[in-house]
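User: I would like to learn how to read a protein model, feature by feature. Could you take me through one slowly, giving the general idea before the particular case?

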Amino acid sequence: MDGTMVGTDYQILELKPYNPSIGATVGNIDLTRPLRDQEIAELKAAFTEYQVLFFRDQKISHNDHARLAGYFGTIGQHVGKKTNSQESDDPRVRKFYASGDVPRVSGNLWHTDQSCAPVPPMASILYLHTIPDNGGGDTGYASMYAAYDALSDRMKAHLEGLTAVHEGKHQFGEGTPDAVHPVVVRHPVSGRKLLYVNPAFTIKINDVSYEESEALLKFLYAHCLQEEWTTRFKWAPHSIAFWDNRCVWHRAIGDYLPQVRSGFRVQIEGESPPVMA
Ligand code: SIN
C-alpha cells in the first residue's frame, strides 16, 4: 500500500510544507468550531502526508482541543506518573508548564511518546498559549520515514526482523510498562516503512551482543538526527503542533528558563502495536 497521498487535492485547507521531509503549516481552518466533513477528511490526509501539522492563531478551549483529537481517535492518558506540573482542571488535558519556579522541561530529549507501552499513543496535540520572549522553547521533529529511506539496502536488510526493548521505568519510575517492538515497522495508514527505535526508551536490540546493540543504536540515533530530516518548530502564542507519534521523533528544547512556557497537551490512543507487516 502506498498511502503517502502526495498530491492530495486540498480544496479547503491551505497546506504549506514546513520542511521537505516533515511538517506542514495548515491554513484556512478554525479549530474553535466543529469542522465540516471535507475539512476533517483533508486534515486526515494532511496528517498522513506531512507527519506533523502546525497551526497558528488558534485560541482553543479544552473542549476545542478534545474535539480535534476526537476526529482522529480516543483520548488517552500518559503511562507515567503524574506530577504537579501535569495536572489541569480537565482529565482529558495534560498541563504543560515550565518556568524558573518549575524548571522541569518535559520531553527534553529526542523521543517517541511512551514507546515503552505495548500500544504507544497514536498522536499528540500540543497547544501553547504562553511562549518565552527570548526566542527559545522550540520543539524539534524528525521524520523516521526519511531516516529509514536514507539507509543503505544492506543496512535495511540487516535491521529487518530485529526487535528492541523499550523501557519505561528509567523515564517515569517503577510500574511503568516495558515493551518489545520491531526495529523497522510499517505505518498502519501510510503503509510506509520507518525506523522505530528512540534514545529515550530503547535500551537494547535483541538477539545481538550488548556491544553490537550499543554500536547499532549509536549509529541509528546519529543517523536519525541528520539535518535533512529534522526540523524545529518556532512557537508563537496560540500555536498548535499535532504530530503522528507512529513515525516522528520529537523533543522539547529547554533553552528558555527562567521564562515561562505553558499550554496543554491531549494524547490520542494508539489502535494497534507497531508491527512489521
Ligand atoms: C513533548 O510532548 O514531549 C514535549 C514537546 C514540547 O514541549 O515542545
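User: Where should I begin, and how far apart are the centres of domain 1 and domain 2?

Analyst: Please keep in mind from the start that this is a predicted model. The centres of domain 1 and domain 2, taken over C-alpha atoms, are separated by 23 Å. The domain assignment of the protein chain gives domain 1 as 14-142 + 229-268 and domain 2 as 145-224.

User: How many residues of each domain are in contact, and what area is buried between domain 1 and domain 2?

Analyst: Contact here means heavy atoms within 4.5 Å. By that cut-off, 25 residues of domain 1 are in contact with 30 residues of domain 2. About 2,100 Å² is buried between domain 1 and domain 2, and carbon and sulfur atoms give 65% of that area. On the side of domain 1, the residues that lose the most area to domain 2 are C116, W229 and W249, which together make up 32% of what that side buries.

User: How does one look for empty space, and what is the volume of the largest pocket?

Analyst: The general idea is that rolling a probe the size of a water molecule over the atoms shows where empty space is left. In this model, the largest pocket has a volume of about 380 Å³. Its lining has 21 residues, and the closest to the centre of the pocket are M122, H187, P188, V189 and R246. The elements that give two or more residues to this lining are α1 and β10 (184-186), and the largest share, 3 residues, comes from α1. Sorted by class, the lining of the largest pocket divides into 12 nonpolar, 5 polar and 4 charged residues, and at least three residues are drawn from each of domain 1 and domain 2.

User: What can be said about the second largest pocket, and where does it lie?

Analyst: The second largest pocket holds about 300 Å³ of space. It is lined by 24 residues, of which R94, S106, G107, H111 and D113 lie nearest its centre. Two or more residues of that lining come from each of β5, α5 (169-172), β15 and β16, with β15 giving the most, 3 residues. By class, the lining of the second largest pocket has 9 nonpolar, 9 polar and 6 charged residues. Because domain 1 and domain 2 both give residues to this lining, the second largest pocket lies between them.

User: How many cavities of 30 Å³ or more does the structure hold, and which residues line the second largest cavity?

Analyst: A cavity, unlike a pocket, is a space where the probe fits but cannot get out. The structure holds 2 cavities of 30 Å³ or more, and the second largest cavity has a volume of about 30 Å³. This second largest cavity is lined by T112, M144, L194, L195, Y196, V197, N245, R246, C247, V248 and W249. Two or more of these lining residues come from each of β11 (193-195) and β15 (248-252). The lining of the second largest cavity has 8 nonpolar, 2 polar and 1 charged residues, and it draws at least three residues from each of domain 1 and domain 2.

User: Turning to the backbone, which residues other than glycine have a positive phi, and are they buried or exposed?

Analyst: A residue counts as buried under 20% relative accessible area and as exposed over 50%. Q114, in the loop between β5 (94-98) and β6, has a positive phi near 50°, and because its relative accessibility is 2%, Q114 counts as buried. D207, in the loop between β12 (202-205) and α6 (210-224), has a positive phi of about 65°, and because its relative accessibility is 76%, D207 counts as exposed.

User: Which peptide bond is cis, and in which loop is P258?

Analyst: The peptide bond from L257 to P258 is cis, with omega near 10°, and P258 has its place in the loop between β15 and β16.

User: As a last step, which residues of helix α2 are buried, and what do they pack against?

Analyst: In helix α2 (residues 62-70), the buried residues are H62, D64, H65, A66, L68 and A69. These buried residues of α2 pack against α1 (37-50), β4 (75-76), β6 (123-130) and β16 (261-268).

How values were computed:
Residues numbered from 1 in each chain as written. Predicted model: local features only at pLDDT ≥ 70, side-chain atom pairs only at ≥ 80, totals over all residues. Heavy atoms only, no water. Buried < 20%, exposed > 50% of the residue type's maximum accessible area, 1.4 Å probe, protein only. Helix = DSSP H or I, 4+ residues; strand = E, 2+ residues; numbered from the N terminus. 1 Å grid on protein atoms, 1.4 Å probe; cavity = no way out; pocket = protein on both sides within 12 Å on 5 of 7 lines; lining within 4 Å. Points joined across faces, edges and corners; volume = space filled by probe spheres on them. Nonpolar A, V, L, I, M, F, W, Y, C, P; charged D, E, K, R; others polar. Domains from an automatic or database assignment. Buried area = accessible area lost by both parts, 1.4 Å probe.
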